[in-house]
Amino acid sequence: TDGLDGLATVPSITALTTFSIIIYATGNINISSYLLIPHYNIGEVAIVASALMGALTGFLCYNCHPAEVFMGDSGSLTIGAFLAYLALISKSEILLLLIGSIFVIETLSVILQVGSYKIRKKRVFLMAPIHHHFEMKKWAENKIIVRFWIIAVLSNLISLMSLKIR
């Protein structure tokens, strides 16, 4: 998702916010009993997630269009690994698919593109990952980024609404 300026940062911040809320709720005995979710003593991890949110917010100042600083694989893979860790300790592994919906969509677009080309010798998208497909369709970079941000925020709100009904 780190192919456009600021595209990976805001979905990461929203995912970290969602996991911070879930982890805080899981770590608090009163909130977890109200939401009918199991209580685990992991509430302090929300502080680490909040620190990463603050770092990403500071990074966004220099990574928004036009970017002066780039994240690269060392940053994006580390954030992905940390999100997976948060999903594991909060017992929200399946919910991670919804929380990280932008990352899932981007990954699936690459898998579909490569699989289709190897099997049928035809492309599904003009270019993969999917944000480059929209670039090839002559969408403005800011338009792509903001629409992906909206999808990320909405999917994280839906995942937070599912807390009570799990």
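## Close-up views of an eight-helix chain

**V146 is partly exposed, at 38% relative accessible area.** The model shown here and in every view below is predicted. V146 sits in helix α8, which covers residues 141-161. Is V146 buried, partly exposed or exposed? Buried requires a relative accessible area under 20%, and exposed requires one over 50%. At 38%, V146 falls between these limits and is therefore partly exposed. The partner to look for in this view is L7. Along the sequence, 139 residues separate V146 from L7. In space, their C-alpha atoms are 8.2 Å apart.

**P11 is a buried residue of helix α1.** Helix α1 runs over residues 9-27, and P11 has its place there. The relative accessible area of P11 is 1%. That value is under the 20% limit, so P11 counts as buried. Which residues does P11 touch, once neighbours within four places in sequence are left aside? The contacts are I102, F103, W149 and A152. M161 gives a distance for scale: P11 and M161 are 150 residues apart in sequence. Their C-alpha atoms are separated by 18 Å.

**The largest pocket holds about 450 Å³ of space.** Its lining consists of 23 residues. Nearest the centre of the pocket lie T1, S76, G80, F103 and T107. One of these, F103, is also in contact with P11. Which elements give two or more residues to the lining? They are α1 (9-27), α4 (72-89), α5 (95-99) and α6 (101-120). Helix α4 gives the most, with 7 residues.

**S32 is buried in helix α2.** Helix α2 spans residues 29-35, and S32 is placed within it. The relative accessibility of S32 is 1%. Buried means under 20%, so S32 qualifies. Which residues are in contact with S32, neighbours within four places in sequence aside? Two of them are A25 and T26. The others are I37, P38 and H39.

**L36 has a positive phi, near 60 degrees, and is not a glycine.** Where is L36 placed? L36 is in the loop between α2 (29-35) and α3 (45-63). Its relative accessibility is 66%. The limit for exposed is over 50%, so L36 counts as exposed. For a long-range reference, take K118: L36 and K118 are 82 residues apart along the chain. Their C-alpha atoms are separated by 47 Å.

**K91 also has a positive phi, near 55 degrees.** K91, too, is a residue other than glycine. Its place is the loop between α4 and α5. Helix α4 covers 72-89, and α5 covers 95-99. Is K91 buried, partly exposed or exposed? With a relative accessible area of 46%, K91 is partly exposed.

**A cis peptide bond joins A128 and P129.** What is the value of omega at this bond? Omega is about -5 degrees. P129 belongs to the loop between α6 and α7. Helix α6 covers 101-120, and α7 covers 130-136.

**The whole chain sets the context, with 8 helices and 0 strands.** From the N terminus on, the order of elements is α-α-α-α-α-α-α-α. The C-alpha atoms fill a box of roughly 55 × 40 × 25 Å along the principal axes. Of the 166 residues in the chain, 42% are buried. Take the contacts between residues at least 6 apart in sequence: 62% of these join residues at least 24 apart. The accessible surface comes to about 9300 Å². Carbon and sulfur atoms account for 70% of that surface. The chain carries 12 positive and 9 negative side chains. The centres of the two sets lie 16 Å apart.

How values were computed
Residues numbered from 1 in each chain as written. Predicted model: local features only at pLDDT ≥ 70, side-chain atom pairs only at ≥ 80, totals over all residues. Heavy atoms only, no water. Helix = DSSP H or I, 4+ residues; strand = E, 2+ residues; numbered from the N terminus. Buried < 20%, exposed > 50% of the residue type's maximum accessible area, 1.4 Å probe, protein only. Contact = heavy atoms within 4.5 Å. Areas by Shrake-Rupley, 256 points an atom, 1.4 Å probe, with all protein chains shown as cover. Lys, Arg positive; Asp, Glu negative; His and termini not counted. Charge placed at Lys NZ, Arg CZ, Asp CG, Glu CD. 1 Å grid on protein atoms, 1.4 Å probe; cavity = no way out; pocket = protein on both sides within 12 Å on 5 of 7 lines; lining within 4 Å. Points joined across faces, edges and corners; volume = space filled by probe spheres on them.
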